[in-house]
Amino acid sequence: MDVKTTFLNGELEEEIYMTQPEGCVVPGLKEKVCKLLKSLYGLKQAPKQWHEKLDNVLLCEGFSTNDSDKCVYSISENSEYVIICLYVDDMLIFCTCNDIVFKTKLFLGSKFEMKDMGEASVILGVKIIRKGDNILLSQEKYTEKLLKKFGYYDFNSVSTPYDDNSKLKKNRGESISQTQYAQIIGSLLHLMSFSKPDIAYAIGRLSRYTPCPSHDHWDALARLMKYLRGSMDYAIKYNGFPAMLEG
């Protein structure tokens, strides 16, 4: 589900004033200002106020927050279970049956103006693929876009993300394209966190040299990008119990 005009739901804790918007100035009262009655897009505290509003609504309904991630809420009653994962205004709802999904959506819709996006297929750029009892998370489109953006899409692929014989050291000379290096590393960290644990070691090594990359660091980064070119269609698969990570 998606919350419409998300930040307008926030409640203000202090008095805030703004100049009259262009085109809406009251004749003869140009020197007057407007007092905000509720949160507004553009306010620094708008995201915080929205989260507090939703947090209070869910906690009052009996939901509890996850100790590891404060944006994951859950509630259980009579062997029924509901989990809500929140990312600003996007929500994933997991329930033990479709009836509970429907009731949860009705409850949320009664509190906020929301758009029902149906069964989740893409969330935050991650594609959700269902195959029988398996669920796969894929970022093929994100990876393709990343490779094209930085000019690695037409390169030949390699079978491993990192060369064990590579002896990377701190660059004592001049930094080479530090800004772009940092942009690529940041994009790869996002990729690694969601669906590509296979590049975690390589990213861990390469991210150490972000402040001052050398030619050797760029060569190692290029190898990682070539590996991604050949593994774009890889997905991380969840198939229930027993929970076991295989590599």
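**View A. Glu52 and Lys48 sit in helix H1 (residues 46-60), four residues apart, or about one turn of the helix.** Before going on, note that this is a predicted model: local features need pLDDT of at least 70, side-chain atom pairs count only at pLDDT 80 or more, and totals for chains, interfaces and linings use all residues. Residues are numbered from 1 along each chain as its sequence is written, and side-chain values use heavy atoms, with hydrogens and water left out. Helices (H or I, at least four residues) and strands (E, at least two) are DSSP runs, numbered from the N terminus. The side chains of Glu52 and Lys48 meet in a salt bridge, 2.9 Å from N to O; the term means a side-chain nitrogen of Lys or Arg within 4 Å of a carboxyl oxygen of Asp or Glu. Glu52 counts as partly exposed because its relative accessibility is 28%, and Lys48 falls into that class too, at 46%. The cut-offs are under 20% relative accessible area for buried and over 50% for exposed, with partly exposed in between (1.4 Å probe, protein chains only).

**View B. Lys148 and Glu144 make a salt bridge inside helix H3 (residues 140-149).** The two residues are four places apart, about one turn of the helix, and their closest N and O atoms are 2.9 Å apart. Now for the surroundings of each partner: Lys148 is partly exposed because its relative accessibility is 47%, whereas Glu144 counts as buried at 19%.

**View C. Lys35 and Glu15 link distant parts of the chain through a salt bridge.** Their closest N and O atoms are 3.8 Å apart. Lys35 belongs to strand E3 (residues 33-35), while Glu15 lies in the loop between strand E1 (2-3) and strand E2 (17-19), 20 residues apart from Lys35. Glu15 is exposed, since its relative accessible area is 55%, and Lys35 is partly exposed at 47%. Across the whole structure, a search finds six salt bridges.

**View D. Lys105, in helix H2 (residues 98-111), reaches Asp116.** Their side chains are joined by a polar contact of 3.0 Å. That term stands for a pair of N or O atoms within 3.5 Å; within protein, one must be able to donate a hydrogen and the other to accept it, and residues adjacent in sequence count only if both atoms are side-chain atoms. Set aside the neighbours within four places in sequence, and Lys105 is in contact (heavy atoms within 4.5 Å) with Met1, Ile93 and Asp116.

**View E. Strands E4, E5 and E6 are linked by two hairpins.** Strand E4 (residues 64-65) and strand E5 (residues 72-77) run antiparallel, joined by two bridges; two strands pair if DSSP finds at least two bridges between them. Thr65 stands opposite Tyr73 in E5, and six residues separate E4 from E5 in their hairpin. From E5, six bridges lead to strand E6 (residues 80-87), again antiparallel. Look for Ile75, whose bridge partner in E6 is Val82. This second hairpin has two residues between its strands, and Asn78 in the turn has a positive phi of about 50°.

**View F. Four strands line up as an open antiparallel sheet, in the order E9-E10-E11-E12.** E9 and strand E12 (235-238) stand at the edges with a single partner strand each, so one side of each has no neighbour in the sheet. As background, strands of a sheet pair through backbone hydrogen bonds, either parallel or antiparallel. Here, strand E11 (residues 134-138) is joined to E12 by four bridges, and Ser138 has Ala235 as its bridge partner in E12. Leu137 is found in E11. Not counting residues up to four places away in sequence, Leu137 touches Val126, Lys127, Ile128, Ser195, Ala235, Ile236 and Tyr238. Cys97 is 40 residues from Leu137 along the chain, and their C-alpha atoms are separated by 22 Å.

**View G. Tyr87, Val88, Leu124 and Phe194 form a nonpolar patch on the surface.** Together they have about 340 Å² of accessible area, from the Shrake-Rupley method with a 1.4 Å probe; for residues, only the protein chains shown count as cover. Patches are made of residues with over 30% relative accessible area and no salt bridge: like charges are joined within 9 Å, nonpolar side chains (Val, Leu, Ile, Met, Phe, Trp, Tyr) within 5 Å. Leu124 lies in the loop between strand E9 (122-123) and strand E10 (126-131). Leu124 counts as partly exposed because its relative accessibility is 32%.
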